[in-house]
Amino acid sequence: MLGFLKNPVVVTAEINMNLVALTVMGLISRLWGLSYPRAVVFDEVYYGQFVSLYMKRIFFVDDSGPPFGHMLLALGGYLGGFDGNFLWNRIGAEYSMNVPVRSLRLLPALAGALCVPLAYQILVELQFSHCAALGAALLILLENSLITQSRFMLLESILIFFILLAVLSYLKFYNLQRHSSFSGSWWFWLLLTGVACSCAVGVKYMGLFTYMLLLAIAGLHFWHMIGDQNLSNVSLMCHFLARGLALVIIPVAMYLSFFYVHLTLLYRSGPHDQIMTSAFQASLEGGLARITQGQPLEVAYGSQITLRNVLGKPMQCWLHSHTNTYPIRYENGRGSSHQQQVTCYPFKDVNNWWIVKDPGMQQLVVSNPPRPVRHGHIVQLVHGITTRYLNTHDVAAPLSPHSQEVSCYIDYNISMPAQNLWRVEIVNRESDTDVWKTILSEVRFVHVNTSAVLKASGFIGASLPEWGYRQLEVVGEKLSKGYHQSMLWNVEEHRYGKSQEQKEREVELHSPTQMDISKNLSFMAKFTELQWKILTLKNEDTEHKYSSSALDWITMDTNIAYWLHPTSGAQIHLLGNVVIWASANVAALVYICLSLWYLVRRRRKIYDIPEGAWQLWVSAGGICVGGWAVNYLPFFLMEKTLFLYHYLPALTFQILLIPIVLQHLGDHLCRSLLLKSMFSALIVAWFSSVYLVYCTFSPVTYGEPSLSVTELKDLRWKDSWNILIRKQ
């Protein structure tokens, strides 16, 4: 029974020493001296702020993309014991001792290092020789710009890692398709493709370009499968469902999970709250939640409320009034009603409180039981401090003459009667009998007499002059002029009024609320709002010293100075290996020209290369040239500040194309032994020049050793490069 113990248990394994050596070299090139310089390097000043907020669990919004990349950087800080206490206010600032510099930079460096063996594996899966695959990996290893970008707390190396992992996983899956469909390894690589695509998109939206490319390639491959008569309809349906699950459903689910973790971690109120809705703010610990906790849910006649404009851009503001009146005549000579000013005020203030009044009754308190206000009800809004009624009439607004003035009515005993009835329309209602709810309901106030809608126009125009204290204009806008979020309001602070006397009511308006009600948003509601903010929030793009255009990237006519030593000439620049960049451009041009030549010849039934070689050539181009195109060309359509590092994903695909073109030229165009020998000698000389340029620019890739003024001037190979030279 125990006979199996007589023989030893033997485990055999095949180890690709090429992969091992490349991985080790990649780790050395990216991890060596990782904590140098111990100072903030370029965009570390940007990402570091988010890492600190993660450490302190404070909510933030970054309009540059999804949160997965930020969470990976924060993971490095967490593993290093970072407490988040560091002021990320300028590039070059020395890190304090509590900042684990090496830990913060570790994950980007590991991702950059693993791109080297991934490049090798991709070319092997594309059915090219191990020599070509080794060449591709070494080019990634010696590309100075990729080294620089991966050695700091930046996201591009992580993005490129997941992009290459997605490509490799799909190629492995596709190659297994021919002989072992639905096997364990087949499922593993298919699922890993979807996971890697989701991670790439989760790091930066640029990952979406490669994801779309792989979906298109997968769709093309499945289209060819449909024409395979050996596959039954059931088998085709299973293949389709498997791809849908792995390449669509799982990536979407993972993308949602990134936001779920993000929102779970960041549960505290922070500086970015103001751009979110009141409901979102109330779901965070501290901030608005401290104020709104315990408020009544349903708005009733007699409720005391503050009304926040839903748009929230460029700043949050609340419906506001004060005792000052509109000037009798404006600077341009137009007249006003001289009524009490109504504005949108960007700060919390007692003058933001209003009382919801039933037009048929005089009382300004909530009855027992409360009578809730529903969609379609007519109300009057009474300013809490001045007790004047919100009013609009056929008088031109101060800054928007085509809109109606909104005021609090003062009876001057002239022929200008009060027009203070407003219809409550709940825009996000589920039925026409919905009750107006605190925070949750988005409400439009439609003026009964003129059908004008209460709108904060200051978001689009300018703020009021000095007589209006630079507050934002509020107008009555005709519905015929279209719908805009600035027409929507939600109740933020709310209490049930109890005091009929004005003096007692003023004291009440200054008091906190006490009734309990829960208004927690669901995850999907928070995700939808946060995703919309990320996609639509636009910071003012200003010209940066090192910004560039997409045309500058091809020939590397630009660089970025990442760091300068405060006393010596040591510095770090984002600069590529000139030989590699030029070779990548030549390879792309050769590929396109040869492909067009082959296509024309094949149209004439002339086949210059075997069919297998042609299929290999086309599939490699679909990945490499397609990857370059989808990661580069969209930048010509973008209206944002661009930098050289945006080109690195496209460059990576272009670098993979170099050994593909070289092998093709050597196999199919160098037919004689002499030509092959000469071609091999040229490749050796070319690769030597790649290594020489890598060594030449290493001091500005790694930041050491420090160079003299003469040596720095010698590195300025192009006049457009900004190499920093201190004045003597």
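Among contacts between residues at least 6 apart in the sequence of the protein chain, 75% join residues at least 24 apart. The model described here is a predicted one, and its protein chain contains 20 helices and 14 strands. Taken along the principal axes, the C-alpha atoms of the chain fill a box of roughly 110 × 75 × 70 Å, and of the 728 residues in the chain, 55% count as buried.

The interior is a convenient place to begin. In soluble globular proteins, nonpolar side chains tend to be buried together. In this model the largest nonpolar core has 167 residues, of which F59, W88, I122, F162, I560 and Y562 touch the most other members. Helix 7, which spans residues 156-177, supplies the largest share of this core, with 15 residues. The surroundings of W88 can be followed in some detail: leaving aside neighbours within four places in sequence, W88 is in contact with V40, E44, V45, G48, Q49, S52, F82, Y95, L104 and M153. A second core, separate from the largest one, is made up of 32 residues and includes W354, V379, A456 and W467.

I122, named above among the residues of the largest core that touch the most other members, also leads to a helix pair, since I122 takes part in the contact between helix 4 and helix 18. Helix 4 (residues 101-125) packs against helix 18 (residues 648-668) at an angle of about 45°, and the two axes are 11 Å apart. Because of that angle, helix 4 is oblique to helix 18, and the crossing in which helix 4 passes helix 18 is right-handed. On the side of helix 4 the contact is formed by A119, I122 and L123, which meet L656, P659 and I660 in helix 18. Sorted by class, the residues of this contact are six nonpolar, with no polar and no charged residues.

Helix 18 has another packing partner in helix 19 (residues 673-702), with an angle of about 160° and axes 10 Å apart. Which orientation does helix 18 have relative to helix 19? The angle makes helix 18 roughly antiparallel to helix 19, and the crossing of helix 18 and helix 19 is right-handed. Here I658, L662, L665, G666 and D667 in helix 18 meet K676, F679, I683 and W686 in helix 19. By class, this contact of helix 18 with helix 19 has six nonpolar residues, one polar residue and two charged residues.

L673 belongs to helix 19, and with a relative accessible area of 68% L673 is exposed. Although a chain is often read through its sequence, separations in space can be followed as well: the C-alpha atoms of L673 and D394, residues that are 279 apart along the chain, are separated by 93 Å. For D608 and M55, which are 553 residues apart along the chain, the separation of the C-alpha atoms is 61 Å. D608 is located in the loop between helix 16 (578-603) and helix 17 (611-632), and at 28% relative accessibility D608 counts as partly exposed. When neighbours within four places in sequence are left aside, the contacts of D608 are with W597, Y598, R601 and R671.

Some details of the backbone remain to be described, beginning with cis peptide bonds. One such bond joins Y36 and P37, with omega at about -5°, and P37 is placed in the loop between helix 1 (17-31) and helix 2 (44-55). A cis peptide bond also joins E704 and P705, where omega is about 5°, and P705 lies in the loop between helix 19 and helix 20 (709-714).

Positive phi values occur at residues that are not glycines. Q127 is not a glycine, yet Q127 has a positive phi of about 75°; the residue lies in the loop between helix 4 and helix 5 (130-141), and at 45% relative accessibility Q127 counts as partly exposed. Y469, likewise not a glycine, has a positive phi of about 60° and is found in the loop between strand 10 (452-456) and strand 11 (472-478). Is Y469 buried or partly exposed? With a relative accessible area of 46%, Y469 is partly exposed.

Note on methods. Residues numbered from 1 in each chain as written. Predicted model: local features only at pLDDT ≥ 70, side-chain atom pairs only at ≥ 80, totals over all residues. Heavy atoms only, no water. Axes fitted to C-alpha atoms, helices over the stretch in contact; angles between N-to-C directions. Helix = DSSP H or I, 4+ residues; strand = E, 2+ residues; numbered from the N terminus. Parallel < 35°, antiparallel > 145°, perpendicular 65-115°, else oblique. Left-handed = near helix turned anticlockwise from the far one by under 90°. Contact = heavy atoms within 4.5 Å. Nonpolar A, V, L, I, M, F, W, Y, C, P; charged D, E, K, R; others polar. Core = buried A, V, L, I, M, F, W, Y, C linked by side-chain atoms within 4.5 Å. Buried < 20%, exposed > 50% of the residue type's maximum accessible area, 1.4 Å probe, protein only.
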